[in-house]
Amino acid sequence: MLGEKHSLLDDFPEFSEVIKKLMADSPQFSEKNKRYNELDKEIRVLELNNAPIDDEAMHQLKHDRAVLKDELFEALQSAN
C-alpha cells in the first residue's frame, strides 16, 4: 500500500522490548535502524508524491530497505 509506514515497531510489535534493548545497547543496531527508517520515510514521501524518480531508482531504494530490514530482523531473532 502506498505511503504505508514500515518501522520495526509497526511490523514486529512482538519484538518491542528487544528493539528497545538493542536500540539502547547496540550502536550498530541503532545506526542500521536509523538508516532503515530514513529509507522508509524517503520511499513513503516519494510514493505519496507520485514517485518523481525513475522506476529503477525506486526499486533500488526498496531493495536497500528490504536488505536492512532482513539484517535488523536477524538481529532481533538472535537477541530474543
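Student: Which residues are exposed on the other side of α2?

Tutor: Happy to start there: they are Glu17, Lys21 and Ala24. Exposed means a relative accessible area over 50%, so these residues pass that mark. Please keep in mind that we are looking at a predicted model.

Student: Which residues of α2 are buried?

Tutor: In helix α2, which spans residues 16–25, the buried ones are Val18, Ile19 and Leu22. The arc they cover around the axis is only 100°, which is why we can say they sit on the same side of α2.

Student: What covers the buried residues of α2?

Tutor: The cover includes α1 (8–11), α3 (27–48) and α4 (55–79). In all, the protein chain has four helices and zero strands.

Student: How confident is the predictor in these elements, going by mean pLDDT?

Tutor: Among the elements, α2 has the highest mean pLDDT, at 96, and α1 the lowest, at 92. The average over the protein chain is 92, and 95% of the residues score at least 70.

Student: Let's turn to the aromatic rings. How many aromatic pairs does the structure hold?

Tutor: There are three aromatic pairs.

Student: What makes Phe12 and Phe15 a pair, and what kind of pair is it?

Tutor: Two numbers settle that. The ring centres are 6.4 Å apart, and the cut-off for pairing is 6.5 Å, so Phe12 and Phe15 count as a pair. The planes stand at 80°, and an angle over 60 degrees counts as edge-to-face, so that is the name this pair gets.

Student: Are Phe12 and Phe15 buried or exposed?

Tutor: Phe12 has a relative accessible area of 13%, and Phe15 has 9%. Buried means under 20%, so Phe12 and Phe15 are buried.

Student: Which residues form the aromatic cluster?

Tutor: Phe12, Phe15 and Phe73 form one aromatic cluster.

Student: Now for the largest nonpolar core. Which of its residues touch the most other members?

Tutor: The core has 16 residues, and Leu8, Phe15, Phe29 and Leu76 touch the most other members. The elements that give two or more residues to this core are α2, α3 and α4. As a broader point, in soluble globular proteins nonpolar side chains tend to be buried together.

Student: Which residues does Leu76 touch?

Tutor: Not counting residues up to four places away in sequence, Leu76 touches Phe12, Phe15, Val18, Ile19, Leu22 and Phe29. Among them are Val18, Ile19 and Leu22, the buried residues of α2 that we met earlier.

Student: Let's look at something polar. What joins the side chains of Lys69 and Asp11?

Tutor: A polar contact of 2.3 Å does. The limit for a polar contact is 3.5 Å between N or O atoms, so this distance falls within it. Lys69 belongs to helix α4. Setting aside neighbours within four places in sequence, Lys69 is in contact with His6, Asp11, Phe12 and Tyr36.

Student: How do you know whether Asp40 is buried or exposed?

Tutor: The relative accessibility of Asp40 is 1%, and the cut-off for buried is under 20%, so Asp40 counts as buried. Asp40 has its place in helix α3. Leaving out neighbours within four places in sequence, its contacts are Glu4, Lys5, His6, Ser7 and Arg65.

Student: Why is Glu4 called partly exposed?

Tutor: Glu4 has a relative accessible area of 34%. Buried stops under 20% and exposed begins over 50%, so a value in between makes Glu4 partly exposed. This residue lies in the segment before α1, and it touches Asp40 and Arg44, not counting residues up to four places away in sequence.

Student: And why is Leu48 called exposed?

Tutor: Its relative accessible area is 58%, which is over 50%, so Leu48 is exposed. Leu48 lies in helix α3.

Student: How far apart are Leu48 and Glu4 in sequence and in space?

Tutor: They are 44 residues apart in sequence, and 9.7 Å apart in space from C-alpha to C-alpha. For Glu4 and Ala66, the values are 62 residues and 14 Å.

Student: How much of the protein chain is made up of buried residues?

Tutor: Of the 80 residues in the protein chain, 31% are buried. Put against the cut-off, that share has a relative accessible area under 20%.

Terms used
Residues numbered from 1 in each chain as written. Heavy atoms only, no water. Phe/Tyr/Trp six-rings, centres within 6.5 Å; stacked < 30°, edge-to-face > 60°. Buried < 20%, exposed > 50% of the residue type's maximum accessible area, 1.4 Å probe, protein only. Arc of directions from axis to C-beta. Contact = heavy atoms within 4.5 Å. Polar contact = N/O pair within 3.5 Å; in protein donor to acceptor, adjacent residues only side chain to side chain. Core = buried A, V, L, I, M, F, W, Y, C linked by side-chain atoms within 4.5 Å. pLDDT = per-residue confidence, 0-100.
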